[in-house]
Amino acid sequence: MTNILEKLYFGEIRSAEKDITNDDMKRKCAKMVQLEEEVMKSLDNKSKALFEQYLQVSGEVHADAVIESFKEGFRTAVRLILAGLAE
């Protein structure tokens, strides 16, 4: 089951062609980019390299967490469907 959920998550199976990015999310992403640029300007080369490593690892952790949340949400939905069918 995990393989099919990852395929669904990574877009290999398209359950919907819907852009879920709303205006609030776009605004927050723009602010995050602006803040990152400001931080990078204030750092020396060594600190920039460390910060870039931090951002890379942080992004990987976030991506893994999102995948696991997606899987758990899907599992919960299936359990709810099965419970509804059992009654």
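**Helix 2 and helix 3: caps, lengths and contact**

Good morning. At the N-terminal end of helix 2, Asn 22 acts as a cap, with a side-chain oxygen 3.2 Å from the backbone nitrogen of Asp 24. I should state at once that this is a predicted model.

Helix 2 itself covers residues 23–41. At 1.5 Å a residue, its 19 residues should span 27 Å, and the end C-alpha atoms are indeed 27 Å apart, so expectation and model agree.

I turn now to helix 3, which runs over residues 45–86. Its N-terminal end is capped by Asp 44, where a side-chain oxygen lies 3.2 Å from the backbone nitrogen of Lys 46. For the 42 residues of helix 3, a rise of 1.5 Å a residue gives an expected span of 62 Å; the end C-alpha atoms are 61 Å apart, which agrees.

How do the axes of helix 2 and helix 3 cross? They come within 10 Å of each other, at an angle of roughly 150°. Angles over 145 degrees count as roughly antiparallel, and the two helices are therefore described in that way. The crossing of helix 2 past helix 3 is right-handed.

Which residues meet there? From helix 2, Glu 36, Val 39 and Met 40 are in contact with Lys 48, Phe 51, Glu 52 and Leu 55 of helix 3. Of the residues in this contact, four are nonpolar and three are charged, while none is polar.

Thank you for your attention.

Note on methods
Residues numbered from 1 in each chain as written. Predicted model: local features only at pLDDT ≥ 70, side-chain atom pairs only at ≥ 80, totals over all residues. Heavy atoms only, no water. Helix = DSSP H or I, 4+ residues; strand = E, 2+ residues; numbered from the N terminus. Expected span 1.5 Å × (residues − 1). Polar contact = N/O pair within 3.5 Å; in protein donor to acceptor, adjacent residues only side chain to side chain. Axes fitted to C-alpha atoms, helices over the stretch in contact; angles between N-to-C directions. Parallel < 35°, antiparallel > 145°, perpendicular 65-115°, else oblique. Left-handed = near helix turned anticlockwise from the far one by under 90°. Contact = heavy atoms within 4.5 Å. Nonpolar A, V, L, I, M, F, W, Y, C, P; charged D, E, K, R; others polar.
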